[in-house]
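Good morning, colleagues. I would ask you to look at the model on the screen while I describe its secondary structure, its core and a few individual residues.

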Amino acid sequence: MINGEAETLLSSSLASPPMAATAMEHDGGGEVVTPGELLGNSSSLLAGRGAYAEGRSVRGSVTGHRRLVPPPPGSTDQRFTVEVVGHKAHGAVPQPGSVVIARVTKVMARMASADIMCVDSKAVKEKFTGTIRQQDVRATEIDKVDMYQSYRPGDIVKALVLSLGDARAYYLSTAKNELGVVSAQSITGGTLVPISWTEMQCELTGQIEQRKVAKVE
């Protein structure tokens, strides 16, 4: 257990005081925290592994147990580091700023859902869901974005992780030129080849389909 001073520090940094006792465990025991859960305030805590800073908050990025690590001796920054440890996933974990490869699973009028497969070229070992909102599809003429002409279920997209959104889903963006659809099949099952920023052509039929296309490197 960490000393009384650290106990006071954690209590003041957390929004919910009852969480403090479990956060003090060095061995990772106690209450399980989940992705997006508030761990404390960035003014008094540093984000360690399994955690990330978002504005003034420090939140968990994986499922596991909260743990505090004291600052190294002689460190000018006397904030404790909060970690989430003991989680089952040993593969890559999305973090704000990560570039991910995801498969689109559902397209709706204002957003698309996708399953994240790779994070910064490393495969994930547990399921992470992403959401691409209408305003995050591209950088220009946002009000004219048509989700159904940007993605289709089954498309493979390259996207940037913006933050953890609602319902444990990460908010993703394809607003940069190098982001967007990188692989897709046509309605007839042929491979689609990019021919412009907004169009892909079926190799079998020559039919053109609309997409938010990623710049081919």
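Of the 217 residues in this protein, 43% are buried. Please bear in mind throughout that the model is predicted. Its secondary structure consists of two helices and 16 strands. As for the contacts, if we take those between residues at least 6 apart in sequence, 52% join residues at least 24 apart.

Let me begin with a sheet. Four strands form an open sheet in the order β1-β6-β7-β3, and the pairing is mixed. The edges are occupied by β1, residues 32-33, and β3, residues 45-47; each has a single partner strand, so one side of each is left without a neighbour in the sheet. The partner of β3 is β7, residues 80-85, and the two run in the parallel sense, paired over three bridges. One can locate this pairing on the screen through Leu46, whose bridge partner in β7 is Thr81.

I turn now to the interior. In soluble globular proteins, nonpolar side chains tend to be buried together. Here the largest nonpolar core has 40 residues, and the members that touch the most others are Ile116, Tyr151, Tyr170 and Leu172. Several elements give two or more residues to this core, among them β8, β9 (111-119), β10, β11 (156-164) and β12. Which residues surround Ile116, once those up to four places away in sequence are set aside? Its contacts are Pro94, Val100, Ile101, Ala102, Val124, Phe128, Thr129, Gly130, Tyr170 and Leu172.

Two names in that list, Phe128 and Tyr170, deserve a further word. How many aromatic pairs does a search of the whole structure find? The search finds one. Phe128 and Tyr170 form this pair, which is edge-to-face, with 6.1 Å between the centres and 70° between the planes. Phe128 belongs to strand β10, residues 122-133, and Tyr170 to strand β12, residues 169-173; the pair therefore ties together parts that are 42 residues apart in sequence. Both rings belong to buried residues: the relative accessibility of Phe128 is 4%, and that of Tyr170 is 1%. Another ring to examine is that of Tyr171, because the charged end of Arg133 sits over it, 3.8 Å from its centre.

Next, Val99, which is found in strand β8, residues 99-107. This residue counts as partly exposed, at 31% relative accessibility. Beyond its neighbours within four places in sequence, Val99 is in contact with Cys118, Val119 and Asp120, and also with Lys158, Ala159 and Leu160. Between Val99 and Thr174, which are 75 residues apart in sequence, the C-alpha to C-alpha distance is 10.0 Å.

Cys118 brings me to the cysteines. A disulfide is a covalent bond between the sulfur atoms of two cysteines. In this model the count of disulfides is zero. Is Cys118 buried or partly exposed? Cys118 is partly exposed, with a relative accessibility of 24%, whereas Cys202 is buried at 2%.

I close with a point of backbone geometry. Most residues other than glycine have a negative phi. Glu141, although not a glycine, has a positive phi of about 45°. Its place is in the loop between β10 and β11, and Glu141 is partly exposed, with a relative accessible area of 47%. Thank you for your attention.

How values were computed: Residues are numbered from 1 along each chain as its sequence is written. This is a predicted model: local features need pLDDT of at least 70, side-chain atom pairs count only at pLDDT 80 or more; totals for chains, interfaces and linings use all residues. Side-chain values use heavy atoms; hydrogens and water are left out. Two strands pair if DSSP finds at least two bridges between them. A disulfide is a pair of cysteine sulfur atoms within 2.5 Å. Buried means under 20% relative accessible area, exposed over 50%, partly exposed in between (1.4 Å probe, protein chains only). Contact means heavy atoms within 4.5 Å. Rings of Phe, Tyr and Trp (its six-membered ring) pair if their centres lie within 6.5 Å; planes under 30 degrees apart count as stacked, over 60 as edge-to-face and the rest as tilted. A charge sits over a ring if NZ of Lys or CZ of Arg is within 6 Å of the ring centre and within 35 degrees of the ring normal. A nonpolar core is a set of buried Ala, Val, Leu, Ile, Met, Phe, Trp, Tyr and Cys residues joined through side-chain atoms within 4.5 Å.
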